[in-house]
Amino acid sequence: MKENLGQLTTEGLNQRSLQIDRCEVAEILKAINREDKEVPLAVEKELPNIEKAVELIVSRLKQGGRLIYVGAGTSGRLGVLDASECPPTYGTDPEMVQGVIAGGVKALYSAVEGAEDREDWGRQAILQKAVTEKDVVVGIAASGRTPFVLGAVREARKQGAATVGLSCNPVSPLKAEVDIAITPVVGPEIIMGSTRMKAGTAQKLVLNMLSTASMIRLGKVYGNLMVDLKPSNHKLMERSVRIIMLACGIGEEEARDYLEKSGYRPKTAIVMIKGGCSREEAEKALEKADGFISKAIEGMKGKED
C-alpha cells in the first residue's frame, strides 16, 4: 500500500520558501535562519515528555541497563553521534550508551539503499544487542514511520525493554508504539523533505538533553564541570587540570599533582583535595555516594563530626 507522504508534516511544502531558488545568498541564509528559530520553541513544548524519558533512562541505567538509540539515515547518525560522545565526555563504559543505524557502519558515511525499509532488520538489531527489561531503546525517526525503527521498537517491547520514540510528526506509528513519545513538530522543511535540517536539529537538541540530563543525574557532573571525563589525549588532560583548579580553587601545579595521584581521575582528585583524604578513601566515599562528589564530601565530614 502506497503512503501519501503529503500528509506528513515533515514532507509538507513550505509556503515561505517557494521562491528560494531565485534568492541571493544573503536571502537564502536569512530564510534558513528564520526557519531554524522555530526549532527550540518546538522542543520546549516537549519538555514534560523529555523529563519523563530522562527519569526512565536514569532508573534503568542505575540498574545496570543500557540506553540504545536506533535510527536510519540522519536520525541514525545523530543517535550514533550522541552515543559516541558519552565515553570521552562522561567516562562511561562504551556499552552504556549505544547507537544503532540501519545498514550498519557503512551507513554512517554513505546511503545503504533499502536498509530503512526492513522492519525485520530492526528486530534483528535488537536481538543482536540482547536487549532486556533493564534497557531503554529510543527509536528516532523524523517521519515516525521508518520500518527499521518500528521493527526495533516492537522487538524491544517484546523483550521487556522500556521504549521512547522521537519523531517530528504529530501523529505517527512510532508514537503509538512507545512508552514515551517526544514529538517536536517543526513544520515543513525549507527544502521539501530535507529532514536533516529542522527535524534533524530538533532531534539533536533532544538527544543532547536525554544524555546530558541523565549523566548529571548519575553524578557525572559537579557544579557544571564534567568531572568524570577520561583524559585520554592532551586536550582532555589539560581540561582535567583546569576542572580540578576551578572546582578546588587551587593552582595548576597542585592540580596536576593531584590528578596524577588520583590515577588521572578528576572526580577522585577533587574529593581527595576537598576531603583531605587519600585516593583509596576518596574512591570509597564516591562509591558510597553513588558517584556524587557533593554527597561524598558531606559523608566524609559527617564521619568527622
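Biologist: Which residue follows α5, and what is the sign of its phi?

Modeller: This is a predicted model, in which local features need pLDDT of at least 70, side-chain atom pairs count only at pLDDT 80 or more, and totals for chains, interfaces and linings use all residues. Residues are numbered from 1 along each chain as its sequence is written, and side-chain values use heavy atoms, with hydrogens and water left out. Helices (H or I, at least four residues) and strands (E, at least two) are DSSP runs numbered from the N terminus. After α5 comes Ala130, with a phi near 50°, which is positive.

Biologist: Which residues of helix α5 are buried, and within what arc do they fall?

Modeller: Buried means under 20% relative accessible area, exposed over 50% and partly exposed in between, with a 1.4 Å probe and protein chains only. In α5, residues 119-128, this applies to Gly122, Ala125 and Ile126. The arc is that of the directions from the helix axis to the C-beta atoms. The buried residues line one face of α5, because seen down its axis they fall within an arc of 95°.

Biologist: What is the strand order of the open sheet, and which strands stand at its edges?

Modeller: Two strands pair if DSSP finds at least two bridges between them. The open sheet has 5 strands with parallel pairing, in the order β2-β1-β3-β4-β5. Each edge strand has a single partner, so one side of it is left without a neighbour in the sheet; these strands are β2 (97-101) and β5.

Biologist: How many bridges join β1 to β2, and which residue of β2 stands opposite Val70?

Modeller: β1 and β2 run parallel and are joined by 5 bridges. The residue in β2 opposite Val70 is Val100.

Biologist: Which strands does α4 touch, and what angle does its direction make with that of β2?

Modeller: Contact means heavy atoms within 4.5 Å. Axes are lines fitted to C-alpha atoms, for helices over the stretch in contact, and angles run from 0 to 180 degrees between N-to-C directions. Packed on the sheet, α4 touches β1, β2 and β3, and its direction makes with that of β2 an angle of about 160°.

Biologist: How many residues has the largest nonpolar core, and which helix supplies the largest share?

Modeller: A nonpolar core is a set of buried Ala, Val, Leu, Ile, Met, Phe, Trp, Tyr and Cys residues joined through side-chain atoms within 4.5 Å. The largest has 36 residues, and those with the most contacts inside it include Leu67, Val136 and Val164. Its largest share, 7 residues, comes from α3.
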